[in-house]
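Welcome, and please take a moment to look over the sequence and the model shown here. We will then walk through the structure together, one stop at a time.

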Amino acid sequence: MTVNVKDYAYKVTAAGRVNIIGEHIDYCGGKVFPAALAFKNTVYIRPNGTDKINLSWTTLDEKVTLDIAKLGDYKSLKYGNYQAGSLLMWKNAGNPVVGCDMVQDCTVPFGSGLSSSAAIEVSTIAAMCALTGVPVDPVGIAVEAQRAEREYCGVNCGIMDQYASACGKAGHAMLLDCATLACEYVPIDTGDCSLVIIDCKKPHSLVESKYNERRAETETALRLLQKKLNINSLAELDGRSLEECGSLLPHNVYNRARHVVDECARVADAAKAMKSGDMVKLGALLNASHASLKDLYEVTGKELDALAAAAQSHPACLGSRMTGGGFGGCTVSLVRTSGVEDFKAHVLEKYFEATGYTAAVYQTQIGDGITVEKI
Ligand code: GLA
């Protein structure tokens, strides 16, 4: 449907995100380095004086009505479950949720690993804040949105996606400490290079269960290591202690912990490289991150590996890695801007040869987190 904007009270947006580096360490208390995208979910909202929330979409024919008293009942909806879950968490946290009409307009490609779900959750709560006069607190909203993803949608995720979606800043990456939620904004200054995001377009399957399994393995690693080490999270672990206590861990659990330790170090190095404009270094870190996610964390799969390899084989590419949860979704590559067009053609061709899938290159910018506009 098309939106007659002047019929609505507020236009509220929240962003998708790309993670530059720092994968699968947010739930281990690590620092991550994501950025919000100009791909976003926009919610147009107006009060309707009922106890119902009417949802519609610009890009879908669907219409869904949520009963505010029964927000817990919509977990199995194909569309509307994220909205129901985030508003339920928001309400349970003691905030007002009132009857309204919401039109959702999402430009984050679904299933791309660029956090369309976080954008929907965060913008839905922010829209409810706007309508009910509750001051928008991006961090508080991110926390409730994450709770929705975990407790309502069944993905035991960290805070990275919802935080980036809510708190992002155009032109900046975020060095986010997931243990404290302290965030340093770092200008994305890639000099003569560009970040290129490419979707492997593999249909997702079993992503949630494999994601939850990885998280559980890191929890096992922590529990076993705590028998010998005084640490509160895997992010506090250093490489030497891991070597010394490695025999406490089953092989696959050891590999997961090794990834976490190394990836935490790579994030620190990547932030330094970005600040000093060392793109060669940043690129090398992206490649190392992908290799670790492939071999130690085992969350890439044939398609993401083929896509990253195709990217890495182009002379203008300084580095490439999967971004997001994995098992499908996108890669992010650092590419000399003068070679970007040739790079894209090369990657699409090589990737198709390797997998039979046609990848999609996304054009977007680094955008803002939550925005609220009174109409
Ligand atoms: C998903 C989760 C995040 C994070 C990444 C992996 O996007 O939602 O919390 O764990 O995977 O880095």
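What follows visits some helices, a few single residues and the cysteines. Please keep in mind along the way that this is a predicted model.

Let us begin with a pair of helices. Two packed helices are described by the angle between their axes and the distance between the axes. For helix α7 (residues 251–276) and helix α8 (residues 279–295), the packing angle is about 160° and the axes are 9 Å apart. Angles over 145 degrees count as roughly antiparallel, and α7 and α8 are therefore roughly antiparallel to each other. The crossing that α7 makes with α8 is left-handed. If you would like to find the place where they touch, look on the α7 side for H259, E263, R266, D269, A270, A273 and M274. Their partners in α8 are M279, K281, L282, L285, A288, S289, S292 and L293. Sorted by class, this contact of α7 with α8 is made up of 8 nonpolar, 3 polar and 4 charged residues.

A second pair to visit is α3 and α4. The axes of these helices come within 8 Å and cross at roughly 145°, and here the crossing is right-handed. From α3, the residues P138, V139, A142, A145, Q146 and E149 take part, and they meet Q162, Y163, A166 and C167 in α4. The classes in this contact of α3 with α4 are 7 nonpolar, 2 polar and 1 charged residues.

It is worth staying with α4 for a moment. This helix (residues 160–167) is mostly covered, with 8 of its 8 residues buried. They are M160, D161, Q162, Y163, A164, S165, A166 and C167. What do the buried residues of α4 pack against? Among the helices, you will find α2 (116–132) and α3 (138–152) on the list. The strands β1 (10–21), β2 (31–47), β6 (172–177) and β7 (183–187) are there as well.

Helix α9 (residues 302–312) is also mostly covered, and 8 of its 11 residues are buried. You can pick them out as E303, L304, D305, A306, L307, A308, A310 and A311. The surroundings they pack against include the helices α8 and α10 (340–355). Three strands, β8 (193–199), β9 (317–323) and β10 (330–336), belong to those surroundings too.

Now let us turn to single residues, starting with Y10. This residue lies in strand β1 and is buried, with a relative accessible area of 18%. Which residues is Y10 in contact with, leaving aside its neighbours within four places in sequence? There are V43, Y44 and I45, then A130 and L131, and finally V372, E373, K374 and I375. One of these partners, L131, is 121 residues from Y10 along the chain, yet the C-alpha atoms of the two are separated by 7.3 Å.

L77 makes a good next stop, in the loop between β4 (63–67) and α1 (81–92). With a relative accessibility of 28%, L77 counts as partly exposed. Once its neighbours within four places in sequence are set aside, L77 is in contact with V64 and L66. L77 and V64 are 13 residues apart in sequence, and their C-alpha atoms are 9.2 Å apart in space.

Two further loop residues deserve a look for their backbone angles. Most residues other than glycine have a negative phi. H24, however, has a positive phi of about 60° although it is not a glycine. You will find H24 in the loop between β1 and β2, where this residue is buried, with a relative accessible area of 3%. E298 is not a glycine either, and its phi is positive at about 55°. Its place is in the loop between α8 and α9. Is E298 buried or partly exposed? At 41% relative accessibility, E298 counts as partly exposed.

Our last stop is the cysteines. How many disulfides does the structure hold? The number is 0. C178 is in no disulfide, and the nearest cysteine sulfur, that of C264, is 9.3 Å away. C178 is buried, with a relative accessible area of 12%. C245 is in no disulfide either, and the nearest cysteine sulfur, that of C28, is 17 Å away. C245 is buried as well, at a relative accessible area of 5%.

Note on methods. Residues numbered from 1 in each chain as written. Predicted model: local features only at pLDDT ≥ 70, side-chain atom pairs only at ≥ 80, totals over all residues. Heavy atoms only, no water. Axes fitted to C-alpha atoms, helices over the stretch in contact; angles between N-to-C directions. Helix = DSSP H or I, 4+ residues; strand = E, 2+ residues; numbered from the N terminus. Parallel < 35°, antiparallel > 145°, perpendicular 65-115°, else oblique. Left-handed = near helix turned anticlockwise from the far one by under 90°. Contact = heavy atoms within 4.5 Å. Nonpolar A, V, L, I, M, F, W, Y, C, P; charged D, E, K, R; others polar. Disulfide = S-S within 2.5 Å. Buried < 20%, exposed > 50% of the residue type's maximum accessible area, 1.4 Å probe, protein only.
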